[in-house]
Amino acid sequence: RAMAMDEGPILAPMLRLVAQSDVTPGGGDALRAMEANGDMPKLQAMYKEWPFFTGLIDLIELELSKADATIAEYYDKELCTGTLLDLGKELRTKLGEAIEVFLKVSGRAEPIADQPFTKQSFQMRQPYLYPLHVIQCEALKQSRAADPTATDEPSKKRLRALSDTIIVSIQGISAGMQNTG
């Protein structure tokens, strides 16, 4: 049976949370706030009974399954300093929390557990992505260290090559993850 809208306005707490916040929460934060308010059974019922909500949760879970906290930490260690390192750690924590709450809503033990072909396809491409991340990270480091105001031809050529490397690595990672950007 479909859940009737008068069975408890489930979206109102989420909208209130957004309206009262100085910072718009991510989906994970909003669902965690609703869980803390005792609304997890309603969210789980919506997931089972509302096709739009099911599709939304499944799409977000698919994207979350592509996130790799280890790769993000590698970029942080190689490219960031100071407060950016703290921010990266906080974002990786929030990623883990978001994955956890989305799995509670869907009732799955792990992301995209019900999509074995999608999961296998991504797992088969993933080893090819790691070298691209390393190449991209190194190109970013070298690009940051280069003098952007240099006027000699070898320096300008090197900056163009680094820029091309960064662009190609972005395109390669995007293709490997099957994202558009």
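In this predicted model, the buried residues of helix H3 are covered by elements that include H2, H4 and H6. Helix H3 spans residues 40-49, and Met 40, Leu 43, Ala 45, Met 46 and Tyr 47 are buried within this helix. The axes of H3 and H6 come within 7 Å, crossing at roughly 65°. On the H3 side, the contact is made by Met 40, Leu 43, Gln 44 and Tyr 47, which meet Val 101, Lys 104, Val 105 and Ser 106 of H6. By residue class, this contact divides into five nonpolar, two polar and one charged. The spacing of such contacts is readily followed along a helix, since an α-helix has 3.6 residues a turn, so residues three or four places apart point the same way.

Helix H6 (residues 83-106) also packs with helix H4 (residues 51-66), their axes coming within 10 Å and crossing at roughly 145°. The H4-H6 crossing is left-handed. Here Phe 53, Ile 57, Ile 60, Glu 61 and Leu 64 of H4 meet a set of H6 residues made up of Leu 95, Ala 98, Ile 99, Phe 102, Leu 103, Val 105 and Ser 106. Ten nonpolar residues, one polar and one charged make up this contact. Val 105 and Ser 106 appear in the contact of H6 with H3 and again in the contact of H6 with H4.

These helices come together in the largest nonpolar core, which holds 15 residues; Leu 31, Leu 43, Phe 53, Ile 57, Phe 102 and Val 105 touch the most other members. Two or more residues each are given to this core by helix H2 (27-36), H3, H4 and H6. The most come from H6, which gives five residues. Val 105 offers a handy view of the arrangement: beyond its neighbours within four places in sequence, Val 105 is in contact with Leu 31, Met 40, Leu 43, Gln 44, Tyr 47, Phe 53 and Ile 57. Apart from the largest core lies another core, of eight residues, among them Ile 71, Tyr 75, Leu 129 and Met 177.

Leu 129 also figures in the surroundings of Gly 172, a residue of helix H8 (residues 153-177). The C-alpha atoms of Gly 172 and Leu 129 are 7.7 Å apart in space, although the two residues are 43 residues apart in sequence. Leaving aside neighbours within four places in sequence, Gly 172 is in contact with Leu 129 and Leu 132. With a relative accessible area of 23%, Gly 172 is partly exposed.

Turning to the cysteines, zero disulfides are found in the whole structure. Cys 80 and Cys 137 do not form one because the sulfur of Cys 80 is 8.9 Å from the closest cysteine sulfur, that of Cys 137, which is too far for a bond. Both cysteines are nevertheless shielded: Cys 80 is buried at a relative accessible area of 19%, a value just inside the cut-off of under 20%, and Cys 137 is buried at 1% relative accessibility.

At the level of the whole chain, the protein has eight helices and zero strands, and from the N terminus on its elements run α-α-α-α-α-α-α-α. Buried residues account for 33% of the 181 residues. Among contacts with a separation of 6 or more, 68% join residues 24 or more positions apart.

Definitions and conventions. Residues numbered from 1 in each chain as written. Predicted model: local features only at pLDDT ≥ 70, side-chain atom pairs only at ≥ 80, totals over all residues. Heavy atoms only, no water. Axes fitted to C-alpha atoms, helices over the stretch in contact; angles between N-to-C directions. Helix = DSSP H or I, 4+ residues; strand = E, 2+ residues; numbered from the N terminus. Left-handed = near helix turned anticlockwise from the far one by under 90°. Contact = heavy atoms within 4.5 Å. Nonpolar A, V, L, I, M, F, W, Y, C, P; charged D, E, K, R; others polar. Core = buried A, V, L, I, M, F, W, Y, C linked by side-chain atoms within 4.5 Å. Buried < 20%, exposed > 50% of the residue type's maximum accessible area, 1.4 Å probe, protein only. Disulfide = S-S within 2.5 Å.
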